[in-house]
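Here are some notes from going through this one, in the order I'd walk a colleague through it. Have the viewer open while you read.

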Amino acid sequence: MKRTIAIGFVLVSMLSGCAATGQTPIQFRTSNDLTFELSNSQFDTVDVQPFETQIWLDSAMIGSLMTMETNPDFDTAVDEVRQGFDEAEKSSGKIVQLDLGDSAYGFSVTVNGYTTAFIATSKHPTSWITISIKEDVFDDVLSSMSVSKAHK
């Protein structure tokens, strides 16, 4: 009898949407106010290194984030990333200009199963970021990406 009641509670919670499904989105915020989400089923560890944040699943690194200082030869981070896009077009790999709205500029390059996005925002002229992640996860990152207001 107790088992039937317990199964009933589990069934009701699943039908009502109260059960955890393992698909909870986790929000990442970068140093230049860019945000994106990954489902908690897509990674199990975040490893913060001195110059890189690594994202892991089952002891395999699936991605990383880095903040890059703008080269002094460029006036802004957006200028540097635009130049990077021009250079990337001359190389191999799938190159895509990202639609990030007016306050950001970015592009991605896909090579060997990984996609790396290079993104600068107009609010932060002295740095830009790279997000490198397994190709099959990148669309999830890109679809949730936005430039947020400053962190509170």
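Which residues does Tyr-114 touch, not counting residues up to four places away in sequence?

1. That list is Met-61, Ile-62, Val-109, Ser-132, Ile-133, Lys-134 and Glu-135. Bear in mind as you look that this is a predicted model. Tyr-114 sits in strand β8, and at 32% relative accessibility it counts as partly exposed. Its side chain also gets to the backbone oxygen of Met-61, at 3.1 Å. If you want a handle on where helix α3 is from here, take Val-137: its C-alpha atom is 9.1 Å from that of Tyr-114, with the two positions 23 residues apart along the chain.

2. Now zoom out to the sheet. Seven strands form an open sheet in the order β3-β4-β5-β9-β8-β7-β6, and the pairing is antiparallel. At the edges you'll find β3 (45-48) and β6, each pairing on one side only. From one strand to the next, the twist averages 15°.

3. For a closer look at one pairing, try β4 (residues 53-57) and β5 (residues 60-69). These two run antiparallel and are joined by five bridges. Within that pair, Leu-57 stands opposite Ala-60 in β5. Helix α2 (residues 77-88) packs on the sheet, where it touches β5, β6, β7, β8 and β9. The direction of α2 makes about 30° with that of β7.

4. The other helix to check against the sheet is α3, which lies across β6, β7, β8 and β9 and runs at about 130° to β9. Which residues of α3 (residues 135-144) are buried? They are Val-137, Phe-138 and Val-141. Looking down the axis of α3, the buried residues fall within an arc of 115°, so they line one face of the helix. Over on the other side, Asp-136, Asp-139 and Ser-143 are exposed. As for what covers the buried residues of α3, the cover includes β2 (34-39), β6 (94-98), β7 (104-111), β8 (114-121) and β9 (127-134).

5. Strand β9 deserves a stop of its own, and Ile-131 is a residue in it to pick. Is Ile-131 buried or exposed? At 1% relative accessibility, Ile-131 counts as buried. Leaving out residues up to four places away in sequence, Ile-131 touches Leu-34, Phe-36, Ser-64, Leu-65, Thr-115, Thr-116, Ala-117, Ile-119 and Met-145. Ser-64 is 67 residues from Ile-131 along the chain, yet their C-alpha atoms are separated by 5.9 Å.

6. Last, the charges. Side chains of opposite charge can pair when their charged atoms come close. How many salt bridges does a search of the whole structure find? Just one turns up. Glu-87 makes a salt bridge with Lys-90, and the closest N and O atoms are 3.5 Å apart. As for the two partners, Glu-87 is partly exposed, with a relative accessible area of 41%, while Lys-90 counts as exposed at 65% relative accessibility.

Notes. Residues are numbered from 1 along each chain as its sequence is written. This is a predicted model: local features need pLDDT of at least 70, side-chain atom pairs count only at pLDDT 80 or more; totals for chains, interfaces and linings use all residues. Side-chain values use heavy atoms; hydrogens and water are left out. Buried means under 20% relative accessible area, exposed over 50%, partly exposed in between (1.4 Å probe, protein chains only). Helices (H or I, at least four residues) and strands (E, at least two) are DSSP runs, numbered from the N terminus. The arc is that of the directions from the helix axis to the C-beta atoms. Contact means heavy atoms within 4.5 Å. A polar contact is a pair of N or O atoms within 3.5 Å; within protein, one must be able to donate a hydrogen and the other to accept it, and residues adjacent in sequence count only if both atoms are side-chain atoms. A salt bridge is a side-chain nitrogen of Lys or Arg within 4 Å of a carboxyl oxygen of Asp or Glu. Two strands pair if DSSP finds at least two bridges between them. Axes are lines fitted to C-alpha atoms, for helices over the stretch in contact, and angles run from 0 to 180 degrees between N-to-C directions.
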